[in-house]
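Student: Please take a close look at one part of this model, the pairing of its strands and what packs against them. Set that part in the context of the whole chain.

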Amino acid sequence: MKNDKIIKIIRVAKKYYESHMDQKIIAQEEGISVSTVSRMLKKAEEMGYIKITVEYPVLSNEELSDSLKKRYGLKKVFLVPKLSGTPIAVQEDVCRAAAKDLSSYLKDGSIIGTAWGRTMKSFANYISDLGVKNVKVVQLNGKTNLTSVPVGADDLSQAIARAGCGEAYVIPAPVAVDSAEIADMLKQERNISAALTLGRDCQIALFGIGNLSRNTILYHSGSLKEEDFVELEKKGAVGDVCTCFFNASGEAVSSSFSRRRISLTLEELKKIPCKIGVASGLEKKEALHGALLGGYIDILYADEELGKEILNY
């Protein structure tokens, strides 16, 4: 396409979108038909000159949120209305709401622990300036066994560290190793021990809620083996936080995986003063209910449909 044609398309687009001119007026000024204006606007969109986004506040269902807060003794509940039928869009709205509030839980020098997963990967996209400095961000569990699987661990910790003018710390080890003996030795290694100690000193923990499923990053990465999955299923595990599994009553499930895992334990997690759980999707209902019963969440961000299911337990 020749430059003069492109320039005319851009000029028409600017008149319509920036000057808010009627298409009939644009057609008269440009000496073209209204249908040509419409086609040029469509072409501008196809060529990437026009990007349309919907900016809107993420609001909470206050009545339902208050009911959940009282039912489970939570500090805060934020339930996002379902504005889209796609699970990813719902997840993004929940993450956007939680990310917007993150600064209210932080102060200069805060230590915040994070976990990884699909929810946390989405959360990282909405982090902005937190208005604090010298924030320390530490990952609460080791990495997946396959580095090719995107989990968002580095994305989230580094995004928060940048926004909080601080530093990010990792556990330089897989989330699960081949034996309990190896796990015990690694936990004594200087760098890993330092990261775990920093995790225990957190004032805030931020994590998604995982359900026991073969459709998880933990399983697809090979970190959770098939024999681990079967054992956890037999022992009644329904979900995890920070790769620590629990049953429907919120009790920790002891397993081969838990003995080979490199992360904080559920008991250590419970001692962190402010635990922020983020969840969306009805497939998380049993896991979220167990996490609430176990006392692993103080502040909950979830979608409205999931909140209703939890309240009906």
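Tutor: The answer starts with conventions and overall figures, then turns to the sheets and two buried sites.

This is a predicted model, in which local features need pLDDT of at least 70 and side-chain atom pairs count only at pLDDT 80 or more, while totals for chains, interfaces and linings use all residues. Residues are numbered from 1 along each chain as its sequence is written, and side-chain values use heavy atoms, with hydrogens and water left out.

The protein holds 15 helices and 10 strands (DSSP runs numbered from the N terminus: H or I of at least four residues for helices, E of at least two for strands). Its C-alpha trace spans about 80 × 45 × 40 Å along the principal axes. Of the 313 residues, 50% are buried (under 20% relative accessible area with a 1.4 Å probe, protein chains only; exposed is over 50%, and partly exposed lies in between). Among contacts with a separation of 6 or more, 72% involve residues 24 or more positions apart; a contact means heavy atoms within 4.5 Å.

Now the part in question. β6, β7 and β8 form an open sheet of 3 strands, in that order and with antiparallel pairing (two strands pair if DSSP finds at least two bridges between them). β6 (210-211) and β8 are the edges; each has a single partner strand, so one side of each lacks a neighbour in the sheet. β6 is joined to β7 by 2 bridges, and N211 stands opposite G239 in β7. Helix α14 (residues 285-294) packs on this sheet and touches β6, β7 and β8, its direction making about 90 degrees with that of β8 (axes are lines fitted to C-alpha atoms, for helices over the stretch in contact, and angles run from 0 to 180 degrees between N-to-C directions).

Strand β7 (residues 237-241) pairs with β8 over 4 bridges, and D240 has F245 of β8 as its bridge partner. The hairpin of these two strands has 2 residues between them, and C242 takes a positive phi near 55 degrees there. Strand β8 (residues 244-247) is covered on both faces: C244 and F246 are buried on one side, F245 and N247 on the other.

A second open sheet has 7 strands in the order β1-β10-β9-β5-β2-β3-β4, with parallel pairing. Its edge strands are β1 (76-80) and β4 (167-169), each pairing on one side only. Within it, 5 bridges join strand β5 (residues 204-208) to strand β9 (residues 274-278), and I204 has C274 as its bridge partner in β9. Helix α5 (residues 87-101) packs on this sheet, touching β1, β9 and β10 (299-303), and its direction makes about 150 degrees with that of β10.

Two helix residues complete the picture. S122, in helix α6 (residues 118-124), is buried because its relative accessible area is 7%. Leaving out residues up to four places away in sequence, S122 touches Q91, E92 and C95. A163 lies in helix α7 (residues 153-163) and counts as buried because its relative accessibility is 9%. With the sequence neighbours up to four places away again left out, A163 touches I127, S128, D129, L130, G131 and V132. The C-alpha atoms of A163 and L130 are 5.4 Å apart, although 33 residues separate them in sequence.
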